[in-house]
Amino acid sequence: MSITAGLRTYAEVNEEIKAKLLSKNRVVVDDVNGQRYIGCALDKGKTIEIHGTAGNDLACYLNGGKIVLYGNGQDATGNTMGGGEIIVHGHTGDALGYGMRDGQIYIRDNVCCRGGIHMKEFRGMKPVLVIGQNAGSFLGEYMSGGTIVLLGLNMKRGEKLFGTHCASGMHGGKMFVRGTFPKENLAPNIKISSLTDEDKKELDNYVKHYCRYFGVDYKTVMSKPFKKLTPVTSRPYANLYTPN
């Protein structure tokens with residue numbers, strides 16, 4: 001079942017998608033040109049395949065459904081998603097996975113600023129964000145749970161793995177970072193450590209998914225070591241608001 005977005009309004013495109021999904025579990029949307037909110041609150045068992053450039057808030061509030069984007073995403077992809085899976089064969093803009101609470105996002109290439117901002121987890125709900133290349137500033141800002149994996153693949157000479165203020169305000173969760181990275185760009189509250197056996201098992205699962213989705217060689221990805229970034233304290237800004 002295919003829909004052509006073209007230059008139609010986002011409201012018109014989304015209404016047609018919803019209508020098709022009433023009787024179908026999978027819909028293909030071609031020629032997408034920045035239409036917003038595609039896949040908003042998509043339920044488990046439903047899949048939307050997108051070809052083109054998706055607009056802001058792609059798969060916002062995702063509720064267990066699956067989004068596969070062959071192209072690039074704009075800002076706030078996966079905004080406040082509560083479960084499901086997003087696979088992007090390209091790159092995304094700012095605030096990827098903003099406030100995501102569960103589910104997994106796989107980005108083949110890079111993300112802009114504030115990827116994984118406000119990620120959180122609760123009991124069995126553990127969000128995961130896997131980035132194939134590099135990330136802009138404020139990666140994992142205010143992160144309180146979940147996992148971010150940064151692979152650093154296919155980077156150009158002189159590019160940094162992440163921008164300034166990485167993990168600024170981070171007070172929970174963890175990051176697995178492959179290769180070397182600019183430690184001066186890390187927030188002062190962050191501890192760098194080697195991976196435990198449990199960490200390696202968890203990471204291996206995410207890397208295998210990434211490689212399968214994007215046709216990447218697993219051995220190439222694992223040829224460089226990973227480090228784990230975690231917050232030293234759950235109250236990184238306590239002294240700003242309380243007396244010493």
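**View A. Glu85, a buried residue without a salt bridge.** Glu85 is buried (under 20% relative accessible area, 1.4 Å probe, protein chains only) but forms no salt bridge, that is, no side-chain nitrogen of Lys or Arg within 4 Å of a carboxyl oxygen of Asp or Glu. Lys66, the nearest side chain of opposite charge, is 4.1 Å away; Lys and Arg count as positive, Asp and Glu as negative, and His and the chain ends are not counted. The model is predicted: local features need pLDDT of at least 70, side-chain atom pairs count only at pLDDT 80 or more, and totals for chains, interfaces and linings use all residues. Residues are numbered from 1 along each chain as its sequence is written, and side-chain values use heavy atoms, without hydrogens and water.

**View B. The surroundings of Glu85.** Residues up to four places away in sequence aside, Glu85 touches (heavy atoms within 4.5 Å) Leu62, Gly65, Lys66, Ile67, Gln104, Tyr106, His209 and Tyr213.

**View C. The largest nonpolar core.** Such a core is a set of buried Ala, Val, Leu, Ile, Met, Phe, Trp, Tyr and Cys residues joined through side-chain atoms within 4.5 Å. This one has 46 residues, and Ile48, Ile67 and Met175 have the most contacts inside it. Beyond its neighbours within four places in sequence, Ile48 contacts residues including Ile17, Leu42 and Ile67. A second, separate core of 19 residues includes Ile87, Leu195, Tyr206 and Val221.

**View D. Helix 2, residues 197–214.** Helices are DSSP runs (H or I, at least four residues), numbered from the N terminus. Among the buried residues of helix 2 are Tyr206, His209 and Tyr213. Gly215, with a positive phi near 65°, follows helix 2.

Notes: Buried means under 20% relative accessible area, exposed over 50%, partly exposed in between (1.4 Å probe, protein chains only). Helices (H or I, at least four residues) and strands (E, at least two) are DSSP runs, numbered from the N terminus. The expected span of a helix is 1.5 Å times one less than its number of residues.
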